[in-house]
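Biologist: I have the sequence and the model open side by side. Could you walk me through the words you use for it, and how you back each one up?

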Amino acid sequence: MGKKPRRDRYGQTKLKHWPLVMLFAVGVGVLTIGVLHFLDYLNLRDRLIENRAMDIALADRAFLPDDLIETFADTGKAPYLSDRLGKINSQWEGVYDTFIYTFKNGNAFVLPSDGFSPDLRTDAQYYQPFKDGKPLVIKPYADDEGTWGGVLVPLGSTEKPSAVLGIRFAGYGWSDGLTTKAIDTGVIVVFSELLLAAVYVLIKKNRSLAMLGLTLSQRESAFKSLIESLPMGIAVSRSNDLIVNRKFHEILGVERDALTEDAIEKLIKEWMPNPQNGGMTALKKIDKPDGASVWVDICTVSARLSDNEHRSRFCIIDDVTQRVLTETALIESERSKGVILAHLPGMAYRCKYDREWTMLFVSEGCEKLTGYKPESLIMNREVSFNDLIVPEFREVLWREWERILSLKQPFQSEYEITAKDGSRKWVLEMGQGIFGEDGNVEALEGLIIDVTAKKMSEVKLKHMSDHDLLTGLYNRKFFEEELLRRQNEGAYPISVIVANIDGVRLINDTFGYAEGDRAIIEAADIIKRRCRENDVLARTGGDEFGIILPDTDARQAVCILDEICKACERHNNLNRNRRFDISLALGCGTKASAHETVSDAVKEAEESMHSRKLLSRKSSLSTIMSSIMATMFERSQETEAHAERLSRLSRAIGEKLGLPQKSLVELELFSMLHDIGKVGIDDRILNKPGKLNDEEWAVMKRHPEIGYRIAKASPELEPIAEYILSHHERWDGNGYPYGLKGERIPLLSRILAVADAYDAMTEDRVYRKALTKEQALDEIKRNAGTQFDPLIAGKFIECME
């Protein structure tokens, strides 16, 4: 079987196109003939003009005598020639100007017929006849007066023309016949082409009618296929016909049979209660029969598809549930982000990576942090963020960002800013770089938080960690760390002074811890006033101090030590009314070379201090004891005379008993200080004129224990501490504080009990008169064996008698 003929998009075979092909071929042929005829006309016209001009020029040449031409060539003048040229102009139709010209000695001479004179110097073609001796036809040209042609004919010898005859005529005046013939031919060609065009239109019209002849069922099938393939739901209602695609049913979740034209109209009215002409759109949430909900973008359009049809209704729905959920989530995210940003303890930002840190966005926390409104910082409108950074941090911050961005790591740094009111704040910045696809930094984003309170707490904690709370000086931890740092630096010379306050324990136990603290504070102040700016002074123990003296040799250290001693002496002289003096034991040591250590200097200083302390121990103890006794006598009713009488009476009993010298010395000291504990009793109780009540008596009975603690605080008084504690015990065990009985009471305490009772009875009191010697001795005799040791009481009576 042969091949089937090919068909076009209208279903027609290719053979049906032959009338158009033939028509096109004829049109091309007619047009080609017309073009060739026009070209031939142009060629004939040019030849006709050239021949006509040449004939006239050669004919005029015969009317010009050679002698007149030679005369003009020699002199540039020939009056008779002008007349002849004028006759030539009038003789020939179409000739407007005739002229003769020549060149002589570089000058041009022209003899015109009617005032026309060509520009010989600027137009090279006027020289041509002189060169080759041949006539020259000037092609038609146009100027302000019209279109002109011309011819130039050499005069005289052909080898060496003496002059040239020129004729100027109307450009195409001699070709009018040819022009008329050419126009006729053009009209025929145009008419032929119009005729062919009309035939073409008729053929095209016939083909359009053939296209409109496609069957209606084919068009409907194509339309329905298109509707069914669209990705959104579409329902078309027209001329009692309803087209609904599969996607429309899927979105609504209903079967195809359930959607009628009336049902769709009802849905549209529910979706759009106020219909309008033209198109309408709406976003609705629709509940499907299975209980699920979908968000639908609805668009309805009413249009007339053709003049003979009723208006058709288009309803387009698109499931945009995911888009709506995404937008809702985005809105919620933005709201949450706004709430978070509004409650941040600082400001969130996005800025350019430039030296000014040009802000593109800042959160509302900006005003609380900086004092400036957010818009003041955006694009540096009022102030740049770099202006807020304290100057000493600007370059450090820039370099740290450079380093972090090169590593593409998160940024974190603390620095100070200056707020609008001039206050300085510590801030913590946490941020990161935002990089583009090309790897360049597009922006910086992060958070800046006010950490001033935290920074101040850290500074305070650091200060507390490094300083002594009582004196405000550095503490032992800092002192040791500083020694280690100096050791690692290896610098020298460096000296160390150590100091110790004498008798702080005794002061605490005698006068109370408040007085002891006061002594420590005063000692710290004395030492501090003699320290230089770079010296490091620390309290290294309860009553100990240390000083690090950088760039200080041994001689300078000794001078500073002596200045401290002199300052302490001046302080004591200015405070003579004090109960006690400040006594310092000092020592110094020096690291004078690289092979020595700072620890060696500390050890040398401590050894020096201990040596000095041994030398001053006796005098300092005597000073403190004098202060304690003066205080005791001042605060109680006891007098120094009473103490001295007790000392003599007790020593007499001791000698009667045959006690060794050591015991006698202790007995004498004990007699002087037995009531030392009364310095810790309230003055109102000590000096009360009447009898003490039970509560006051309980307080008074504590003075032996207080005296015991005071004596134990001093190595020199420690031997009499037990005697002080027991000096109010009774032989029968009814004394205090522990109710000791008989010989369990120390011997020296038993001796003092008899002597103290006798002296008390024989001296006047506020509440009674003094007893006589005999009365007092009788009282002692009666209480022997109950209050007093019988042996000691007998020995005392013997001594007194």
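**Cores, crossings and odd backbones**

Modeller: Sure. The largest nonpolar core has 44 residues, and F670, I720, Y758, I780, F788 and F796 are those with the most contacts inside it. Bear in mind that this is a predicted model.

Biologist: Which elements give two or more residues to this core?

Modeller: They are α20 (640-657), α21 (661-673), α22 (683-686), α24 (703-712), α25 (721-726), α26 (747-761), α27 (773-783) and α28 (790-800). The largest share, nine residues, comes from α26.

Biologist: What is F796 in contact with, leaving aside its neighbours within four places in sequence?

Modeller: With those neighbours set aside, F796 touches L649, I653, V754, Y758, L777 and I780. Contact here means heavy atoms within 4.5 Å. There is also a second, separate core of 33 residues, and Y372, L377, V390 and L444 are among them.

Biologist: Why is α26 called oblique to α28?

Modeller: Their axes cross at roughly 45° and come within 10 Å. Roughly parallel would need an angle under 35 degrees, and roughly perpendicular runs from 65 to 115. The crossing angle fits neither, so α26 is oblique to α28. As for handedness, α26 passes α28 in a right-handed crossing.

Biologist: Which residues make that contact?

Modeller: On α26 they are L747, R750, I751, V754 and Y758, and on α28 they are I792, A793, F796 and M800. By type, the contact of α26 with α28 has eight nonpolar residues, no polar ones and one charged.

Biologist: What makes α17 and α18 oblique to each other?

Modeller: Helix α17 (residues 513-529) and helix α18 (residues 554-574) have axes that cross at roughly 130° and come within 9 Å. An angle has to be over 145 to count as roughly antiparallel, while 65 to 115 is roughly perpendicular. The value for this pair falls in neither range, so α17 and α18 are oblique. This crossing is right-handed, with α17 passing α18.

Biologist: And which residues of α17 and α18 make the contact?

Modeller: E522, I526 and I527 come from α17, and I564, A567, C568 and H571 from α18. For the contact of α17 with α18, that splits into five nonpolar, one polar and one charged.

Biologist: How do you know that the peptide bond from Y492 to P493 is cis?

Modeller: Look at omega, which is near 5° for that bond. P493 sits in the loop between α15 (476-489) and β16 (494-501). Another cis peptide bond joins Y736 and P737, with omega about 15°. P737 belongs to the loop between α25 and α26.

Biologist: Why is M379 called partly exposed, and K408 exposed?

Modeller: Exposed takes a relative accessible area over 50%, buried takes one under 20%, and partly exposed is in between. M379 has 46%, so it is partly exposed. K408 has 55%, so it counts as exposed.

Biologist: What is phi for M379 and for K408?

Modeller: M379 has a positive phi of about 55° although it is not a glycine. K408, also a residue other than glycine, has a positive phi near 55°. M379 lies in the loop between α11 (374-377) and α12 (385-388), and K408 in the loop between α13 (391-407) and β13 (411-418).

Biologist: How many helices and strands does the protein have?

Modeller: There are 28 helices and 19 strands. Buried residues make up 40% of the 801 residues.

How values were computed: Residues numbered from 1 in each chain as written. Predicted model: local features only at pLDDT ≥ 70, side-chain atom pairs only at ≥ 80, totals over all residues. Heavy atoms only, no water. Core = buried A, V, L, I, M, F, W, Y, C linked by side-chain atoms within 4.5 Å. Buried < 20%, exposed > 50% of the residue type's maximum accessible area, 1.4 Å probe, protein only. Helix = DSSP H or I, 4+ residues; strand = E, 2+ residues; numbered from the N terminus. Axes fitted to C-alpha atoms, helices over the stretch in contact; angles between N-to-C directions. Left-handed = near helix turned anticlockwise from the far one by under 90°. Nonpolar A, V, L, I, M, F, W, Y, C, P; charged D, E, K, R; others polar.
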